[in-house]
Amino acid sequence: MTRRYVSFLLGAGRYCVPVDEVLQIVRPEGIMEVPQAAPFVTGVINIRGDVVPVVDLKRRLGTDATQGGNEPQDASGDGQPGVQSRGGSRAGSRARVVIVRSSNRLCGLEVDDVREIVAIEESSEEAPVSEAHTQFVRGVTHRDGNLFLILDLQRILSAGRDLAAAGPS
Amino acid sequence: MFGTNGPDDARLKRAFLEEGEELVQKLGESLTALEQRSDKDLMNEIFRLTHSLKSESALMGYASLSRLAHTMEDVLGMVRSGTLVLGKEVLDLLMAGADRSAVMMSEISREGRESEAGTSDLVNDLSALAGANGGARKASVGPVAAPASDALNGYPMFDEMELRRMDEARDRGESLVRLSVTVVADEPMKYARAFLVFSNLEQVVNVIRVVPPLDGEPLEEFRYGKTVFYLTAPPGDDVIKGASCVDQIASVEIERIDFPGRPDAGTVTWAVGGDSLHAGDSGIARGESAAGNDSSVSNRPLEKASIRVDTRKLDELWSFVAELVLHKAHISRLSDGVARGMDVSVIREELVESFDSLEKLSSGMQQAMRDTRMIPISIIFNKFPRLVRDLSRKLEKPVELALSGEDTEIDRSIIESLSDPLTHIIRNALDHGIEFPEERVRLGKPEKGRITVSAWRQGGTIVIELADDGRGLDTESIRNKAVSLGIPDASSLSETQLRELVFLPGFSTREVVTDVSGRGVGMDVVATRIRNDLRGDVELASEPGKGTRVILRLPLTITIVNSLLVADHTHLYAIPLDDLDSTAKLTAAEMSLEEGGETAPWMGEQIPVHSMAGLLGLERTPREEYFAVVLHHGTSRGFLIVDELIEEREIVIKPVDDLVNPSRLFSGVSVLDDGRLVFMLDTSFLRRDYF
């Protein structure tokens, strides 16, 4: 069976999430700072009245290094307010926030660029290879010579249990 | 001021617009019904509605609107008397008249005035109709010289009791006085000032009427700088002046006026005003249009400030109140018992019992109160016959509409956001779903299309289903559109996936796709409104050739919490009034550092002092004096220091994700109208060991 995914760039990596979990894709504008948040959360965004947390996906996956690792602050995880709207300037005008719905929760993922919809045969999915952020990757697949990492949204959004492990490694 | 267009009294205008809106909607509905069956009662109802519209708008000084209603009334009069046959042309023009009236009302509510030429085209058409068929009647059609207002000469519409009191006063040799009191503009408690004047006056003279009425909703009157008292007094102004001499009054005008004529001796105009609820006040609006009023207030768009509540619901609430009074009496007996040295264990037992039933009572009241927010969905459904009729005529597709479950009740806040999406879905069904009659006949379907709209309650959800018997969702044309828009692999999407595409236009990146055409134009808007704004769900079911069903599922109610807004460290927080004991000022000297943390005295005991900053893990800015609130959670109490107390507000609460609520300090979050974010505080932190 084929499943369809929205693919996007994050640093040098290609990632994807299932199409049916994507609600909307917006520009990283109007992200509001919040008084308390998990350390990998930039703030919240108002999606037509819903207050949706925005996840700094690079930090969440621990792939900061690909961008030069220039934002190591707030690594203590002590719930300091997030930094306002960093997203806009980081990856230029192609940066987007992908609004996803997973187990009835809404969440925005900050990504560098949204690429395309890819159809992936389930049989072609492989178990994730050993990588630093394996815990958030459900599977990998090769397509047109590129490696796509399929994200595990549930785990990315699980704030409570692994908050401690969430900071950049 | 706007001359004849300028009744500046915002409250009167609001009342007029609210009543008028309902009136015009009923008029439209009745006209639609009249098309189905010619009925004498219905005709009378339409006549009555048109007449009210005419007189109310004339009294408010909306000449253009009242002229339209007047011409409609003329045409109706001819229909009723048989001089004009009620044909399609006549009905269309009357419906157009009702529609235009609605447009005018929204214009008045938006712009604060009507446009002069707003109705002249329709007035001409209607007059032509009357003229062509009735000849002699033509002369009577034309501008209405606001009949009621001139003769009213600025008096309110006094009722029988008031007139009798004035008669008696006249016999005593007193005269009628119009006293206008204007409160200084920046006085925040205008109502209180006006009330003070009123109570002073009551001591020395007979107050007949106060405009605006002081027993109305006080909050509303906050905006009013000017209050007019009608009173009878013996000659001499000193007494009145003395009574009106209150702080913060900018001006006092005393004017002796003639006693009004009795209605039986009066002119037709009394009778005209007689069937309008607001005629009395409207007279004032013309005569007195308060010069000191802030025009920005009167130009404010109409907000639904007043509501209609089913009397059965009020009765239910009343029974709770009665029970509450019983409990109060019981507790008061117990406290007497304490004084008389009654057995403490008995008192304790009875108190616990009393508390238990109070708890049940309060949750019952809460439920009953919530129920008053519920209104039948027929409010929306009633618009559909007209919508379907107009569209079906325009598109030349005969369609039959069946409604069911109109009595299903739904929260007011949801109703308002529901009208547009439902209208949209019906429009889609007619435009894209239902086939043309020839095609239907060829397909072996009944010539007339059928649309059914039903609503019912299913547990905590309201289900609304809109079904048509048209051609079904054209998934192939959606697919083609998707392919042409470059959505990758569109050609291999399944039916279900294609249907979802209708709701997710280009996954909503506007740069990729703006709309997926075919059936789906604008369905993304519907989906967003239902799924995001109303926290419900929408789903599509379709069978090619047989029709389409759109199923909406909505929560019964949206949670609205009365809260106190506070600010701290650039963020806003809401404290539910239910959890709030008081606001307070706390000086550094009052606070003492004990083993467990800071405490301060409150009602004779030391209670913990928290600060918003502290809860958030930030430093509290040291000050000499702090703003604080006293909160409770169950029996735990504590101070909470904040930077600023802002105001009370009703807040629509949405769930807050754990990602931005790691320490569960908040129970919800909301975005205010101005886009600011508010977190609702969960007072259970008072129970935790925060020291």
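Two strands are said to pair if DSSP finds at least two bridges between them, and with that in hand I can begin with a sheet in chain A of what is, I should say at once, a predicted model. The sheet is open and has 5 strands, which run in the order 3-6-7-5-4 with mixed pairing. At its edges stand strand 3, residues 22–26, and strand 4, residues 41–47, of chain A, and each of these pairs on one side only. On average, and with direction ignored, neighbouring strands of this sheet are turned by 30 degrees against each other.

Let me stay with one edge for a moment. Strand 4 of chain A pairs with strand 5, residues 50–55, of chain A in the antiparallel sense, over 6 bridges, and within this region A:Val44 stands opposite A:Pro53 of strand 5. As a general reminder, strands of a sheet pair through backbone hydrogen bonds, either parallel or antiparallel.

How far can we trust chain A? Its mean pLDDT is 74, and 73% of its residues reach 70 or more. Within chain A, confidence is highest in strand 7, residues 105–111, at 92, and lowest in helix 2, residues 87–90, at a mean of 43. Over residues 65–91 of chain A the pLDDT stays under 50, although the model has 46 contacts beyond four places in sequence for them. Residues 160–169 of chain A are also below 50, and that stretch has 20 contacts beyond near neighbours in sequence. Where pLDDT is low, the predicted coordinates should not be read in detail.

Turning to chain B, I would like to look at its helix 2, residues 40–60, where the 21 residues, at 1.5 Å a residue, should span 30 Å, and the end C-alpha atoms are indeed 30 Å apart, which agrees. Which residues of helix 2 of chain B are buried? Among them are B:Ile46, B:Leu49, B:Leu53, B:Lys54, B:Glu56 and B:Met60. After helix 2 of chain B comes B:Gly61, whose phi is positive, near 90 degrees.

Finally, the two chains meet in a contact that takes 28 residues from chain B and 32 residues from chain A. On the side of chain B that touches chain A, the elements giving two or more residues are helix 22 (523–533), strand 21 (666–671) and strand 22 (677–681) of chain B, and helix 22 gives the most, with 3 residues. By class, that side of chain B has 13 nonpolar, 10 polar and 5 charged residues.

How values were computed:
Residues are numbered from 1 along each chain as its sequence is written. Chains are lettered from A and ligands numbered from 1 in the order in which they are written. This is a predicted model: local features need pLDDT of at least 70, side-chain atom pairs count only at pLDDT 80 or more; totals for chains, interfaces and linings use all residues. Two residues are in contact if their C-beta atoms, placed from the backbone, lie within 7 Å. Helices (H or I, at least four residues) and strands (E, at least two) are DSSP runs, numbered from the N terminus. Ala, Val, Leu, Ile, Met, Phe, Trp, Tyr, Cys and Pro count as nonpolar, Asp, Glu, Lys and Arg as charged, and the others, Gly among them, as polar. pLDDT is the predictor's confidence in each residue, from 0 to 100. Axes are lines fitted to C-alpha atoms, for helices over the stretch in contact, and angles run from 0 to 180 degrees between N-to-C directions. The expected span of a helix is 1.5 Å times one less than its number of residues. A residue is buried if 20 or more other C-beta atoms lie within 10 Å of its own, exposed if 12 or fewer, and partly exposed in between; C-beta atoms are placed from the backbone.
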